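Please keep the sequence and the 3D view open while you read. The points below are short, so check each one as you go.

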Amino acid sequence: MSGPGSLRARWLGPSLTRRLIASLLLAFVLVWAALLLLYWQRWAQGREARLQQTVDQVLAQLRPEHSAAEVALRLRSIDELSQQELQDAGQSTRAGFILRDRRLPDDAPPVYVAERLHELPGLSWQLSPGRCSMPGQDCLLRSRSNARWALHRISLPMSDRQIFAGIHQALLPLLLLAFPLILLPLWLAVTRGLAPLNRLSRELRQRRPEDLSPLPPALQQALRHRELQPLVQALQSLLGRLRGHLERERAFLDDAAHELRTPMAWISAQAHVLRRAEDAGAREQAGRQLDAAVARASHLVEQLLALARMEAASAPVPQDLDLAEWLREQLLTFLPEAERSGIELSLDAPEHLPWRVEPQALASIVGNLIGNALRYAGRGAQLELQLLHDPAQPDVLELWVKDDGPGIPPEAQGRLFQRFQRGPEGSTPVEGAGLGLAIVQQACLRLGASLSLLSPRPELKPPRGCAFGVRLPMASRA
């Protein structure tokens with residue numbers, strides 16, 4: 001049973017149907033206001049022209065040879081007919097004719113004065129062309145004359161308020177009649193247009209959480225409308241990305257479990273040997289094997305955690321640092337390992353290079369590239385870290401990690417950046433989980449950098465070794 005809160009949300013919450021009705025009402029109000037203004041403007045512009053036209057038409061029927069009585073009788077008939085037409089049209093009936101005989105003196109009484117004009121207080125019968133004397137009244141006067149007769153038409157026009165009221169009275173029934181006739185088709189169109197979306201919501205609501213399969217063909221056909229296609233394509237793309245991400249995570253967990261099984265088995269085996277060893281030599285050897293297995297497992301776990309942090313991290317938080325000095329400090333941490341491996345380390349970089357970057361992601365790139373080179377380059381190799389910055393491109397730099405080791409065969413280069421894929425081993429077995437370059441690639445994506453591989457290096461004679469290049473943009477400020 002629905003509670004008050006759900007009913008309130010249903011009737012007062014956001015609604016496309018209610019928005020449609022409100023928009024339609026607003027459109028009708030705007031149309032009504034525009035029509036009022038348009039009709040009022042036409043009325044205001046045409047009333048004087050209509051008044052002059054009436055005077056011209058009536059005067060054409062009054063001949064100089066007609067007697068005063070005959071003209072007055074004809075004019076009274078025309079005046080009454082004109083008043084009836086004005087009344088039927090809902091217009092002001094405060095109008096009438098005044099007829100003067102031009103052969104009589106100016107102070108002589110008019111031949112004809114409309115009866116309703118006697119009701120207008122303060123009206124002066126001494127009329128001049130274009131002038132109408134009425135105190136406190138807006139009085140319109142139009143006059144025409146022939147050889148004998150001078151005809152005047154006096155009108156007290158309606159106020160703007162009266163005009164608006166009359167137009168409103170004429171328009172309102174038409175608008176009220178048109179509103180449901182327009183609303184019904186729109187209502188049906190919106191209802192039928194939303195039906196596929198309601199069907200889509202039911203489909204998604206009924207799915208199991210692990211069901212990321214594409215939308216059924218029948219539902220795609222229901223959502224075939226052009227306006228809905230972007231939503232369908234975006235949803236299909238999202239489901240596809242989620243399927244791929246889930247498959248990669250499952251493969252990642254399977255590979256991680258497989259990789260962890262070996263060091264854990266070694267740890268278990270060496271612990272068993274250590275527990276059963278009877279002489280000191282056997283115990284010492286088992287202890288060394290145990291330490292190596294623990295170190296391998298620890299390194300694998302650290303790389304797994306680093307990769308998970310890199311993929312799940314929020315937006316990078318860059319810092320301003322001296323990149324050249326920072327690289328020198330990073331290189332110092334690898335000197336002991338390089339000395340044990342008989343590898344010479346060098347840095348080719350400017351004295352100072354201010355840069356804005358996220359240090360954690362950059363440390364993952366530098367650390368894993370140098371670590372990989374130390375493991376694979378071989379004893380006696382030379383490892384160079386090179387930092388290049390072109391002043392013509394102030395917001396981009398290139399970082400290269402180069403070695404002169406055996407290099408990487410072309411057939412192996414395509415899978416190097418996949419998880420748990422190790423490079424080819426030389427004469428000496430290489431320890432590692434195959435996650436270093438996958439971490440480098442993820443860190444480059446995080447920093448918006450591009451990663452490239454060159455192997456063998458053509459500048460060496462004979463060509464050998466490999467060079468990993470990172471094209472790193474400067475992070476923008478918030």
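1. R446 is buried, because its relative accessibility is 18% and the cut-off for buried is under 20%. Keep in mind that this is a predicted model. Find R446 in helix α12, which spans residues 436–447.

2. Which side chain does R446 contact? Look at E358: the side chains of R446 and E358 are joined by a polar contact of 2.8 Å. So a buried residue, R446 at 18%, has a polar partner in E358.

3. Now turn to the cysteines. Is C444 buried or exposed? C444 is buried, with a relative accessible area of 2%. C466 is buried too, at 6%. Do not draw a bond between cysteines here: a search of the whole structure finds 0 disulfides.

4. Next, check the peptide bonds. Most peptide bonds are trans. The bond from S455 to P456 is cis, with omega near 0°. P456 sits in the loop between β10 (450–454) and β11 (466–473).

5. Where is P462? Look in the loop between β10 and β11. The peptide bond leading into P462, from K461, is cis, with omega near -10°. Mark both bonds on your copy: S455 to P456 and K461 to P462.

6. One last check. Go back to R446 in helix α12 and trace its side chain to E358, at 2.8 Å. Then return to the loop between β10 and β11 and find P462 again.

Methods. Residues numbered from 1 in each chain as written. Predicted model: local features only at pLDDT ≥ 70, side-chain atom pairs only at ≥ 80, totals over all residues. Heavy atoms only, no water. Helix = DSSP H or I, 4+ residues; strand = E, 2+ residues; numbered from the N terminus. Buried < 20%, exposed > 50% of the residue type's maximum accessible area, 1.4 Å probe, protein only. Polar contact = N/O pair within 3.5 Å; in protein donor to acceptor, adjacent residues only side chain to side chain. Disulfide = S-S within 2.5 Å.
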